[in-house]
Amino acid sequence: MENTLNDLYRDILLDHYKYPRGNRSVESPDIENEGQNPLCGDSLKIQARIKDGKVEDIGIKCTGCAICSASSSMLAEIIIGKSITTVRELTNFVKRLIKGDEKHGSNEFELGDLEALEGVRKFPVRIKCALLSWTTLSDGLDAWEKGEEIKVSSTE
Ligand code: ZN
C-alpha cells in the first residue's frame, strides 16, 4: 500500500482489505461474473441474487492486491439491499470518482468508506485495481438484464 495515500484513506482501505465484507458464495445467484486485471494479477468473482428489483445478497471472492480487495469489499457493503436503478447510478458514479472525473459530495449518495477510493486516482497504475469489481458488476448486470451468457470481464 502506498505510503503517500492520506492516512484516513489508507486506514479505511486497509480495514476493508484485512476484513473483507461480503467475502462469500451466494446461493442460487441471478448474476455471476468474473473479472480479471492482468496488469496487476487481480482476479475476482461476483455473485448476486436479485429479489423484487433489489440486491438481496451479494458475494465477492477476490484474489488480488490490497486496493482491489478493499474496493470489492466496499462494493459488497454498499450494494446490498439497494435497487437495481440505484446500483446502476452508484456504479457509474464510483467509476467516475476513481478515474477522477467526479468528487465526493457532488451527488446524493452516502458514500461512507467509498470516499477513500477517491485517493486512488493519484496512483494511475492502481486505478484498474479499484475499478475491477465495479466493472465486473456492471457487466454482470448488463448480461443479466439482456438474458445473455456472461463472459469474463477484463480491464484490458
Ligand atoms: Zn491490483
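**View 1. Helix H2 against strands S2 and S3.** In this predicted model, helix H2 lies across strands S2 and S3 and runs at about 170 degrees to S3. The two strands beneath this heading are themselves partners: S2 and S3 run antiparallel and are joined by nine bridges. One of these pairings places Ile 46 opposite Ile 60, its bridge partner in S3.

**View 2. The four-stranded sheet.** The strands form an open sheet in the order S3-S2-S1-S4, with mixed pairing. S3 and strand S4 (153-154) are the edge strands, each pairing on one side only. Strands of a sheet pair through backbone hydrogen bonds, either parallel or antiparallel. S1 and S2 pair in the antiparallel sense over seven bridges, and Glu 34 has Lys 45 of S2 as its bridge partner. S1 and S4, by contrast, run parallel and are joined by two bridges; here Gln 36 stands opposite Ser 154 in S4.

**View 3. The two faces of strand S1.** In a regular strand the side chains alternate between the two faces of the sheet. Strand S1 (residues 31-37) has a covered face made up of Ile 31, Asn 33, Gly 35 and Asn 37. Its uncovered face carries Glu 32, Glu 34 and Gln 36.

**View 4. The zinc site.** The zinc ion is coordinated by the SG atoms of Cys 40, Cys 65 and Cys 129 and, through two OD contacts, by Asp 42, at 2.2 to 2.6 Å. Along the chain, the donors follow the spacing C-x1-D-x22-C-x63-C. Asp 42 lies in strand S2 and Cys 65 in the loop between S3 and H2, so this pair ties together parts that are 23 residues apart in sequence. Asp 42 counts as buried because its relative accessibility is 2%, and Cys 65 is likewise buried at 15%. Cys 40 is partly exposed, with a relative accessibility of 35%.

**View 5. Cys 62 and its neighbouring sulfur.** A disulfide is a covalent bond between the sulfur atoms of two cysteines. The model contains zero disulfides. Cys 62 is in no disulfide, and the nearest cysteine sulfur, that of Cys 68, is 3.6 Å away. With a relative accessible area of 23%, Cys 62 is partly exposed.

**View 6. The largest nonpolar core.** This core has 41 residues, of which Ile 58, Ile 79, Ile 98, Leu 114, Leu 117 and Trp 134 touch the most other members. At least two core residues come from each of helix H1 (7-18), strand S2 (42-51), strand S3 (54-63), helix H2 (66-79), helix H3 (84-99) and helix H4 (124-146). Leaving aside residues up to four places away in sequence, Leu 117 touches Leu 13, Ser 71, Met 74, Val 94, Ile 98, Ala 130 and Trp 134.

**View 7. Residues with positive phi.** Most residues other than glycine have a negative phi. In the hairpin of S1 and S2, which has four residues between the strands, Gly 41 takes a positive phi near 95 degrees. Ser 28, a residue other than glycine, has a positive phi near 35 degrees. Ser 28 lies in the loop between H1 and S1 and is exposed, with a relative accessible area of 59%. Asp 52 is not a glycine either, yet has a positive phi of about 50 degrees. Asp 52 lies in the loop between S2 and S3 and counts as exposed at 74% relative accessibility.

How values were computed: Residues numbered from 1 in each chain as written. Predicted model: local features only at pLDDT ≥ 70, side-chain atom pairs only at ≥ 80, totals over all residues. Heavy atoms only, no water. Core = buried A, V, L, I, M, F, W, Y, C linked by side-chain atoms within 4.5 Å. Buried < 20%, exposed > 50% of the residue type's maximum accessible area, 1.4 Å probe, protein only. Contact = heavy atoms within 4.5 Å. Pairing = 2+ DSSP bridges. Axes fitted to C-alpha atoms, helices over the stretch in contact; angles between N-to-C directions. Donors = N, O, S within 2.8 Å, 3.2 Å for Na, K, Ca; no water. Disulfide = S-S within 2.5 Å.
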